[in-house]
Amino acid sequence: MSFLPDLSTFIQFAIATFVISITPGPDMTLFVGRAVAEGRAAGFACMVGAMCGIVVHTSLVALGLSALIVASPQAFLALKVAGAGYLVFLAFQALRKGSAFSPDMTKRKPRTLFKNWATGIGINLLNPKIILFFMTFLPQFVSASDLHAPGKLFFLGLMFIPLSLPVVVPMVIAADKFAVLLKKSPRVTRVVDYLFAGIFSAFALKILTAQAR
């Protein structure tokens, strides 16, 4: 199966996905906040909506990157280098500003599951940072000279979902305890920030040194 990356690349991608998944952001804030305020079903509905949004984003990004590889491998390499710079910027922002996590924990009348699903997919599709992130994140795991790069982009983009579920699902299940932990223990969040910054800096360094050889 030519679309499968080698084991080393897949492990690196899985580690990066894990760190991204535990880093507080708009999606996690929504999942946990809704689970606390309206029950686990609401949290899971929002999560499924966001995952649907990720399918759309990653498909569009993979199609665009695939077309770029066919049209100009050199431009794709330039994007990889620019992406490495963006990952360094994200790492710096994580250390300087830290992760944002302010879930709405006020008890409310439950919305329908469809409304929660729509909120989840809406917050994902309307966030331009997500497509920018995947546009610079996915290329770090494929080579422009790889004839099977388009298939690998699709595979890795879609694998982001099942790889993140073992992290996100327990967060929704234990939403109230998880929210209290992050709000009362800034050190936990800072550890996540340092993990995020360290791993993304390592990927950036890897691609930049590879291009310098």
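The axes of α3 and α7 (lines fitted to C-alpha atoms, for helices over the stretch in contact, with angles from 0 to 180 degrees between N-to-C directions) come within 9 Å and cross at roughly 165 degrees. The two helices, α3 and α7, are therefore roughly antiparallel to each other, a label given to angles over 145 degrees. Helices here are DSSP runs of H or I with at least four residues, numbered from the N terminus.

This is a predicted model, in which local features need pLDDT of at least 70 and side-chain atom pairs count only at pLDDT 80 or more, while totals for chains, interfaces and linings use all residues. Residues are numbered from 1 along each chain as its sequence is written, and side-chain values use heavy atoms, with hydrogens and water left out.

The largest pocket (an open set of points on a 1 Å grid over the protein atoms alone, where a 1.4 Å probe fits, with protein on both sides within 12 Å along at least five of seven lines) has a volume, the space filled by probe spheres set on the points, of about 1,000 Å³. Of its 33 lining residues, the closest to the centre are T23, P24, G25, P26 and F196; a lining residue has an atom within 4 Å of a point. The largest share of this lining, six residues, comes from α4.

The table sets out residue classes, where Ala, Val, Leu, Ile, Met, Phe, Trp, Tyr, Cys and Pro count as nonpolar, Asp, Glu, Lys and Arg as charged, and the others, Gly among them, as polar.

| Residue set | Nonpolar | Polar | Charged |
|---|---|---|---|
| Lining of the largest pocket | 20 residues | nine residues | four residues |
| Contact of α3 with α7 | 21 residues | six residues | one residue |

Key:
Angles under 35 degrees count as roughly parallel, over 145 as roughly antiparallel, 65 to 115 as roughly perpendicular and the rest as oblique.
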